[in-house]
Amino acid sequence: MNNNIALVQLQLQKLRQQITQHNYHYYVLDNPTVPDAEYDRLFRELQQIEQDYPQLVTPESPTQRVGAAPLKAFSQIMHQIPMLSLGNAFEETEVEAFDRRVREGLSVDAVEYAVEPKFDGLAVSLCYEYGILKTGATRGDGNTGEDITLNLRTINSIPLYLTAENVPALLEVRGEVLMLKADFLKLNQRQRAKDEKQFANPRNAAAGSLRQLDPAVTATRNLSFFAYGIGRVEGGNRPQNKHSDVMAYLVASHFPVAKECQVVTGLQALLTYYHEIGTLRDDLPYDIDGVVYKVNALSQQEKLGFVARAPRFALAHKFPAQEAMTKVLDIDVQVGRTGALTPVARLEPVFVGGVTVTNATLHNADEIKRKDVRIGDTVIVHRAGDVIPEVVSVVLAQRPAQTQSFVMPVQCPVCGARAIRLEGETVARCTGGLFCPAQQKQAIIHFASRRAMDIEGLGDKLVEQLVDNAIVRTPADLYKMGLAALVNLERLADKSANNILAAIEQSKQTALARFIYALGIRNVGETTAKSLAQYYGSLDRLMDTAIEDLLLVPDIGPIVAQSIVDFFAEPHNCEVIEQLRLSGVCWQEHEGKPIPAAAETAVSGKTFVLTGTLSNMNRDDAKEKIEAQGGKVTGSVSKKTDYVVVGADPGSKYDKALNLGITILDEEKLQVLLQ
């Protein structure tokens, strides 16, 4: 028995050391080394052992504390009423047990609860004296926190003074400081632009921003605050009956409170709320990791009381973890519909975000290098909703001696064609656009589109059927199909099939510019295709050209020229073109002629980026009009960009343009510029 106790004590010592170290990284350094799910697992293991061996519980155990000791860089503030943590539930059975304990403790059949989202931020205390904000502190270890008053004063959603009548002589408001998802994305964009460290998630960004020694830095981080309760109160007329009344009082005092707060009765209502908020989770403007249940009546809260580190009247019901820790078994490369090569980590199966994950995206070679992900590493994987799982970071403390670095292939792993990464792009792409199996559907859809070969009736769904049934592999196979191949497809009668075959036959007579555009050469749009057709007059001359000659064509720069040369350098692309010609696809050719210089306009020589949805013209139309006047449209914002055209719901390109000080145009201003 003594040997058994000794082993348990060793296990407890190890767990307590691990958890204490994780607390230090999470609460003090704002740089967690394990995902929340792994921390929760260790903590629950410690709780279970201490429950089985209560004689081994010590005052310094992490189960008897909250958070971590305050940073020495800040002065300290003692909480007159401790800021405790909450007990956690992960299964519905644990919520059932909580509700049963509460009902039995109160000797009632049903309990009214106040329910609210559980913010994933940093708990703080705000102390107001006669309505004036005097001090603000972190939760710290629950008893003593860091004095971050000056930093909290920079948060616009925190009132600096209270305007309500009969304010208490002392009012302590408790709540959560966090960073909204949109503000987090903008912050990381600014960090990237300055080549500085990016934050792993909004919680880390908020905590790191709130603990800045210079409040001016905190002020630039756009933090938010939401109140969830009050602590110490002296005087005034604050509500004393229900927690929901307290929340209404805070709203009336101009404190932000989560709109999703409700009052419900009984166990089933708790679980219904949990599932409702779970469906809204990804659409909320801030991160949450669960919901909180609180007995609503304050007198009942007082009767139920507290355990060592948590109230008996409240519970945090946590969602399935969105992050988990696992190992990288291998790194493969997937080829997308547009030929983009994406490295994918093959993982030891891990349950995260409600599903078992075995693969996670690594985005591109630059991301792999930045995160230093290697085969054999232990990594943190993130999955939210239907978002593709991604590798967030490497747990360097667990890196084995033998790991293998990954090198992006120089050939497409699907078709063997060369993989090229052009200047200014973050991804490498397969050059076998016309024959690569991974790009079949996209290549054929583009080939048949209205602005290309204009094959009426050959839409996306039909192309998918043709490829899935192995009837068509390349655009050349379209001209080899017969009626029998089409009529066997789903929802395609004889008349429709004959109409499509007639449209394919009619498309054989085309123009050189249309055919060049239909090939789907990277960076070659309609305007560029027209310039190439006019300059060369012959497809053979274009296929045999060199970069130096291409650069003589107006508005064609080194990147576009390289794309053209790479495309025609791939023998299989040339083979598909030859098959198209043998099938009867033809056009008129001429000797070719220099293109006269376009008249100078306000657009000439300027570089544009389009983002968002335009109301009066689509992006293709806008691009064509800009290029027709000598402008250039690119896909990414850089210091060389002259204008960013912004429509409805713009993306990150708009934010980057603001950071770089680039001129922003709406659709109306673009049209004025074009005129």
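A contact here means heavy atoms within 4.5 Å. With that in hand, start with the whole chain on screen: among contacts between residues at least 6 apart in sequence, 68% join residues at least 24 apart.

A word on what you are looking at: this is a predicted model, where local features need pLDDT of at least 70, side-chain atom pairs count only at pLDDT 80 or more, and totals for chains, interfaces and linings use all residues. Residues are numbered from 1 along each chain as its sequence is written, and side-chain values use heavy atoms, with hydrogens and water left out.

Keep everything selected for the overview. The C-alpha atoms fill a box of roughly 95 × 60 × 55 Å along the principal axes. Of the 675 residues, 49% are buried (under 20% relative accessible area, with a 1.4 Å probe and protein chains only).

Now switch to cartoon view. You have 24 helices and 22 strands to explore (DSSP runs numbered from the N terminus: H or I of at least four residues for helices, E of at least two for strands).

Next, select residues 181–193, helix H5, and residues 652–660, helix H23. Their axes, lines fitted to C-alpha atoms over the stretch in contact, come within 10 Å and cross at roughly 50°. H5 and H23 are therefore oblique to each other, as the angle is not under 35, over 145 or from 65 to 115 degrees.

Finally, show side chains. Which residues of H5 meet H23? Lys-186, Gln-189 and Arg-190 do, and their partners in H23 are Ser-652, Asp-655, Lys-656 and Asn-659. The residues of this contact divide into no nonpolar, 3 polar and 4 charged, with Asp, Glu, Lys and Arg counting as charged.

Notes: Axes are lines fitted to C-alpha atoms, for helices over the stretch in contact, and angles run from 0 to 180 degrees between N-to-C directions. Buried means under 20% relative accessible area, exposed over 50%, partly exposed in between (1.4 Å probe, protein chains only).
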